[in-house]
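Work through the salt-bridge exercises below. Each task is followed by its solution.

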Amino acid sequence: MAPTSKSEALRAMLNTAKPAIAMSAHNPLSAKLAAEGGFDAVWVSGFELAASYAVPDANILPMGTHLEVTRSMANIHGLDIPLIADLDTGFGNAINVAYVIPQYEAVGAAAVVIEDKTFPKDSSLRTDGRQKLVSIEEFQGKIAAAKAASSMLVIARTEALIADLGEEEALERGMAYVEAGADAILIHSKKTPDEILSFCRAWQGQVPLVIVPTSYPQLSFAEIGELNKVGLIICGNHAIRASVAAMKHVFQRILKDGGIAGVEDEIATVSEVFKLQGDDWMRELERKYLR
């Protein structure tokens, strides 16, 4: 599907009675695994990409790095699910947003998420992070610039709860961002489910909510659907966390055993990796065109 049709497909998925589920990814391989796993969309995660480069999630990597990963995911042979690009604060002010948004549409993203923290940002999940927000008016300008620059979905993320500004401030910001043209509001929290549940029940906006339940994993997808307010649930960092855990286990086992035989039954076969690389597709091309 073309970028525009993928945006339309994603918009249709934002069903508050049965929210769409997006899985995080940090490279094309993890994006393909998410698609093959049955997820509705891929979250091109800034946190995961930073982690894959072993740097903090603090706008250290340049925009071009994130853009190229998004492009590489969109170019995967046969990948049909939408890509949601996590742009953090939009790489600067509204002028930066107006510059970068068309580039993400051009490489195949269906939606972008921008958040209302200052640039450079700090990770929302850090207990001692710098969680300072820009003014409502400034962020409305970013949303308006993003909407004017493309036909992608623009999801506005407010960090008011992360910054301990309270539900009233979060609701005010969410409504203001809808007025500026946001297609959905991502409300983030790092507390127990009570905070996010209270916000969702109080939300009266005319667009669906998006949540990232990293800090309240006990809240099931079915329970979220019962709220009839959330259109998209993002599994925000599970690909990189699963990768780290699996690699640490295998690496330690190999050194402990003094060989690789013991892990053979615990890791993917070479044939499985060939399949993920599109080897069958390449062989078909060889048969058709190589002489």
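**Exercise 1.** In this predicted model, find the distance at which the side chains of Asp-183 and Lys-147 meet, and place both residues in the chain.

*Solution.*
- Step 1. The N to O distance is 2.9 Å. The cut-off is 4 Å, so the pair counts as a salt bridge.
- Step 2. Asp-183 sits in the loop between helix 7 (167-179) and strand 6 (184-187). Lys-147 belongs to helix 6 (residues 136-149).
- Step 3. The two are 36 residues apart, and the pair links distant parts of the chain.

**Exercise 2.** Classify Asp-183 and Lys-147: buried or partly exposed?

*Solution.*
- Step 1. Asp-183 has a relative accessible area of 13%. Buried means under 20%, so Asp-183 is buried.
- Step 2. Lys-147 has 26% relative accessibility. Lys-147 therefore counts as partly exposed.

**Exercise 3.** Which strands hold Arg-157 and Glu-115?

*Solution.*
- Step 1. The side chains of Arg-157 and Glu-115 form a salt bridge at 3.5 Å, N to O.
- Step 2. Arg-157 lies in strand 5 (residues 153-158) and Glu-115 in strand 4 (residues 111-115), so this bridge ties together parts 42 residues apart in sequence.
- Step 3. Both Arg-157 and Glu-115 are buried.

**Exercise 4.** Follow Arg-157 to Glu-159, then name the network.

*Solution.*
- Step 1. Arg-157 and Glu-159 meet in a salt bridge at 2.8 Å, N to O.
- Step 2. Relative accessible area is 6% for Arg-157 and 0% for Glu-159. Arg-157 is buried, and Glu-159 is buried.
- Step 3. Salt bridges with shared partners join Asp-57, Asp-88, Glu-115, Lys-117, Lys-121, Arg-157 and Glu-159 into one network.

Conventions. Residues numbered from 1 in each chain as written. Predicted model: local features only at pLDDT ≥ 70, side-chain atom pairs only at ≥ 80, totals over all residues. Heavy atoms only, no water. Helix = DSSP H or I, 4+ residues; strand = E, 2+ residues; numbered from the N terminus. Buried < 20%, exposed > 50% of the residue type's maximum accessible area, 1.4 Å probe, protein only.
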